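Reader: Please pick one part of this model and go through it closely. I would like its surroundings set out in order, and then a second element for reference.

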Amino acid sequence: MCPFLLAGFLVWFSAPLAGQKKDLDARVDSLLRLMTLEEKIGQMTQYNGFWEVTGPVPAGGDAKKKYDHLKSGQVGSMLNVTGVENVRKMQEMVVKETRLGIPLIFGLDVIHGHRTVFPIPLAEAASWDLGAVEKSARVGATEASARGVNWTFGPMVDITRDARWGRVMEGAGEDPYLGAKVAAARVKGFQGSDLSAPNTIAACAKHFAGYGFAEAGKDYNTVDVGTSTIFNAILPPFKAAAEAGVRTFMNSFNVLNGIPATGNAFLQREVLKGKWGFTGFVVSDWGSAWEMIDHGFARDLKHAAELAVNAGSDMDMESYGYVNHLKSLVEEGKVTMGVVDDAVRRILRVKFELGLIDDPYRYCDENREKTLVGAAEHHAAALEVAKKSIVLLKNEGGLLPLSKNQKKIGLIGVLASEKNSPLGSWRFGSIDSSAVSVLEGMQAISREVRFAQGPSLVSGVVDFGQELKINNTDRTGMKEAIALAKKSDVVVLVLGEHGLQSGEGRSRAYLGLPGLQQELLEAVYAVNKNIVLVLMNGRPLAIPWAASRVPAILEAWHLGSESGNAIAQTLFGDNNPSGKLPMSFPKTVGQLPLYYNHYATGRPGPKPDVFWSHYTDESNDPLYPFGFGLSYTAFAYSDLQVQVLGPGRVSVQASVKNTGNLAGEEVVQLYLRDKVASVARPVKELKGFRKISLKPGEAATVRFDLSEEELGFYSNTGEFVVEPGEFEVLVGGNSNEGLKGRFELPKK
Ligand code: BGC
């Protein structure tokens, strides 16, 4: 690469020299040497693109200021600017008008697909199919990159144990082992094997860290957890993402044990950039540096900027702290040039890796945009992933699958005809109301489907940033729904949450069916008990009434563009459900936080007296446990064999047989309990899983080779240790039942 002056501007020329491997660090350093402090701070600043570059620039205010900053090299990244035309125009402005012409990196939340919407991430995790998860991220990257985007703010890898938190829909659920595998698969999908290819984008592991442990499940709330939870539950998926090569991290809004994550040097400097040797950059969450003032951690924005940058937050998203104060902080000696240079180096490195410095318009190809965005093969992939994400929770008397000759099917519920809600939350780039509804999906298979909407779920505006108004009073449609139920042979009742009832800022204090849906369910049940309940929701729901009465329940989450097709094909048996819950379903909100891998107490039960750890008015058990999910066929487990091969090597195997009449897939799960340890271990922990496919009557031996990675844990000082002693083993189809064994791990 060689800089040369052209028409008053320093232009970066970097014609790719065929076959010549360039030294990335040297290129980064040579560029860094040419930069002024202001230009360096510019690279560390990210703005939201809220105006149209294709139209007139709004006069005055922030927009004008941002525009001027872009032209003077004070901005290194934009978020929420999409479409080749918009991206190209903005990139051109920066490349042509700034002194060094360093291209912008364009970030966007590509969370579950882009134009083609895949199932919400929690649903994808329910597939336990890492290939499917990777494929979804791959398609999301392909479409987003075709629209000029080169960086996604995903995967969200926050572990969470509280279904009240609306953002559970964005992650992989409650388990760090599954969460780590899913995190790595998503990173691979987004970034591919060559980051500079025009169809791959930089991924971002977020929110670092602890955000999913918000007290009482209330978004943005305090996080106060012990070190064992930090090291063993919160950090593993982030570490897995780092090991998979994720190029960026995003910190988070919350405080972690009193220190806001954005100003947390332990997390960002000591663990991430120190221990883990992460070479990419950290972006703040939206305004999270600024929010340290409200946390009572920073005096003012200048102080917040000082704390954030010194703690390792390299790029400021929408706080305006770096652009306004970093220069004087450096001049006053409160921030060293070394800290600034390190941050800029990291950012430039990713821009080089993406190929942006070599070609700022690499992601701006109108032809790719036209042919790839929303392509038919992307919809086919979205359908496959959606089918794998469905979880069968109950199927009494084999009510499902429905026969295609089934007469008089009554389809009831406003969500059954919804084309917007199934797209779920966090789906920028999609087209409103573009999902296939359940009604459309079922009518494509059977002519016997009659529909009644029942009462509406939401009244008024449905908007990402606005509180939803749930209808609790207007019973219009109730009578028609009951009348249809009466004359139907079977009722398919689609109930749950609107797609925008989960997501950011969407915590709930009640986890039942919202609005008038429970009333509708009970009214339908009173006239026809032959009900298949299809749940659409972004989080575990507490539905004990339905679980104890309704004969068949299908968990269908928010499945994206192909939602209705996936559900209909499953209802009519063209798809045999194989998903397993990535989060425990509670019986009531009072049980939360609820998670299978909890610690033992000194008073486990049950006991005949009251002096044991329990509720007097509800059992400790979940409604449906972690890892649970049925199939239209059945699987039998036998012949558990456990063999200790050495101090850090154990092999466990079991035989699994399809004992039913249909081909099906089963997720074989392995859990361990380290009986006695220097830091007490949970009652069980997932340490392996395999998704296998078996024909009727077919059996397979599933073997797990456990190494130190699965046998060890993190001490309270963050050291990974493997301790000898007794372990219990559970191999089965969910976290609650299976074959039990034990082994003694020898000393090294
Ligand atoms: C969210 C992030 C997201 C960012 C940019 C924030 O409000 O917490 O997850 O990436 O906005 O959209």
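Author: Opposite S651 in strand 22 stands Q643, and that pairing is a convenient place to start. This is a predicted model, in which local features need pLDDT of at least 70 and side-chain atom pairs count only at pLDDT 80 or more, while totals for chains, interfaces and linings use all residues. Residues are numbered from 1 along each chain as its sequence is written, and side-chain values use heavy atoms, with hydrogens and water left out.

S651 belongs to strand 22, which covers residues 649-658. Strands (E, at least two residues) and helices (H or I, at least four) are DSSP runs, numbered from the N terminus. On one side, strand 22 pairs with strand 21, residues 635-646, in the antiparallel sense, and nine bridges hold that pairing. Two strands pair if DSSP finds at least two bridges between them. The connection from strand 21 to strand 22 is a hairpin of two residues.

Strand 22 has a further antiparallel partner in strand 25, residues 699-706, and eight bridges join them. Here the bridge partner of S651 is D705. S651 therefore has a bridge partner in strand 25, D705, and stands opposite Q643.

Because its relative accessibility is 3%, S651 counts as buried (under 20% relative accessible area, with exposed over 50% and partly exposed in between; 1.4 Å probe, protein chains only). Strand 22 as a whole is mostly covered, with seven of its ten residues buried.

The contacts of S651 (heavy atoms within 4.5 Å) can be listed apart from its neighbours within four places in sequence. They are Q641, V642, Q643, L645, R703, F704 and D705. Both Q643 and D705, the residues named above for their pairing with S651, appear among these contacts. By residue number, Q641, V642, Q643 and L645 fall in strand 21, and R703, F704 and D705 fall in strand 25.

For reference, helix 11, residues 301-311, is also mostly covered: eight of its eleven residues are buried. The buried ones are L301, H303, A304, A305, E306, A308, V309 and A311, so E306 and H303 sit under cover along with the alanines A304, A305, A308 and A311. Among the elements that cover these buried residues are helix 9 (265-275), helix 10 (291-294), helix 12 (321-331) and helix 13 (337-353). Just past the end of helix 11, G312 adopts a positive phi of about 110°.
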